[in-house]
Amino acid sequence: MTDQERDEAHFAEIDVAMLYIELGLGLGPSGRPRLKGTGAEPHLVEALERSQAQLSDTARQLRQGTFFAVPSAQATL
């Protein structure tokens, strides 16, 4: 396996993780109105909102730590 093929395989794993995070982010906005509309306890709505914020932070951290990070080989002169 070449270095490029290995890198592509590694980033494919990152893409899978990001897909699941984005799926979770997509489900949250529709869940809050449904919970509120059916009279859910406030702590349930708050927990969902908090989870959405955490997922958003996780997605940002994953992007910053992978796609926008400087590879270790380029960090040295």
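Let's start with Ile14: leaving aside residues up to four places away in sequence, Ile14 touches Leu62, Thr66 and Phe67. Ile14 itself lies in helix H1. Keep in mind that this is a predicted model.

**Around Ile14 and Thr66**

Thr66 is a good next stop. Thr66 belongs to helix H2, and with the same kind of neighbours left out, those up to four places away in sequence, Thr66 touches Phe11 and Ile14. Is Thr66 buried or exposed? Thr66 counts as buried, because its relative accessibility is 17% and the cut-off for buried is under 20%.

Thr66 has company in that class. The buried residues of H2 are Val45, Gln52, Ala59, Leu62 and Thr66. So Leu62, one of the residues that Ile14 touches, is on the buried list of H2 too. And what lies over those residues? Part of the answer is helix H1, residues 3–37, which is included in what covers the buried residues of H2.

**The aromatic pair**

How many aromatic pairs does a search of the whole structure find? It finds one. The pair is Phe11 with Phe67, and the geometry is stacked: the centres are 5.6 Å apart, with 25 degrees between the planes. Phe11 lies in helix H1, while Phe67 lies in the loop between H2 and helix H3 (72–75), so the pair ties together parts that are 56 residues apart in sequence.

Neither ring residue is in the buried class. Phe11 counts as partly exposed at 36% relative accessibility, and Phe67 counts as partly exposed at 38%. Both names have come up already: Phe11 touches Thr66, and Phe67 is touched by Ile14.

**Helix H2 end to end**

Helix H2 runs over residues 42–66. Does its length fit or clash with the expected rise? It fits: at 1.5 Å a residue, the 25 residues of H2 should span 36 Å, and the end C-alpha atoms are 36 Å apart, which agrees.

Ala53 is a handy marker within H2. Ala53 is partly exposed, with a relative accessible area of 41%. The C-alpha atoms of Ala53 and Leu25 are separated by 8.8 Å, although these residues are 28 residues apart along the chain. For Ile14 and Ala53, the C-alpha to C-alpha separation is 20 Å, with their places 39 residues apart in sequence.

**Salt bridges**

Now for the charged side chains. Side chains of opposite charge can pair when their charged atoms come close. The count here comes to three salt bridges, listed below with the N to O distances.

| Salt bridge | N to O distance |
|---|---|
| Arg6 and Asp3 | 2.4 Å |
| Lys36 and Glu49 | 3.9 Å |
| Arg60 and Asp57 | 3.7 Å |

Take Arg6 and Asp3. Being three residues apart in helix H1, they are separated by about one helical turn. Arg6 counts as partly exposed at 34% relative accessibility, whereas Asp3 is exposed, with a relative accessible area of 51%.

Arg60 and Asp57 both lie in helix H2, where they are three residues apart, about one turn of the helix. Arg60 counts as partly exposed at 33% relative accessibility, and Asp57 is partly exposed too, with a relative accessible area of 36%.

Which parts of the chain does the salt bridge of Lys36 and Glu49 link? This pair links distant parts of the chain, with Lys36 in helix H1 and Glu49 in helix H2, 13 residues apart. Lys36 is exposed, with a relative accessible area of 54%, while Glu49 counts as partly exposed at 32% relative accessibility.

**A nonpolar patch**

One more surface feature deserves a look. Val16, Tyr20, Leu23 and Leu27 form a nonpolar patch on the surface, and together they have about 430 Å² of accessible area. Among these residues, Val16 lies in helix H1. Val16 is partly exposed, with a relative accessible area of 40%, so it clears the patch cut-off of over 30%.

Key:
Residues numbered from 1 in each chain as written. Predicted model: local features only at pLDDT ≥ 70, side-chain atom pairs only at ≥ 80, totals over all residues. Heavy atoms only, no water. Helix = DSSP H or I, 4+ residues; strand = E, 2+ residues; numbered from the N terminus. Buried < 20%, exposed > 50% of the residue type's maximum accessible area, 1.4 Å probe, protein only. Expected span 1.5 Å × (residues − 1). Contact = heavy atoms within 4.5 Å. Patch = residues over 30% accessible without salt bridge, like charges linked within 9 Å, V, L, I, M, F, W, Y side chains within 5 Å. Areas by Shrake-Rupley, 256 points an atom, 1.4 Å probe, with all protein chains shown as cover. Salt bridge = Lys/Arg side-chain N within 4 Å of Asp/Glu carboxyl O. Phe/Tyr/Trp six-rings, centres within 6.5 Å; stacked < 30°, edge-to-face > 60°.
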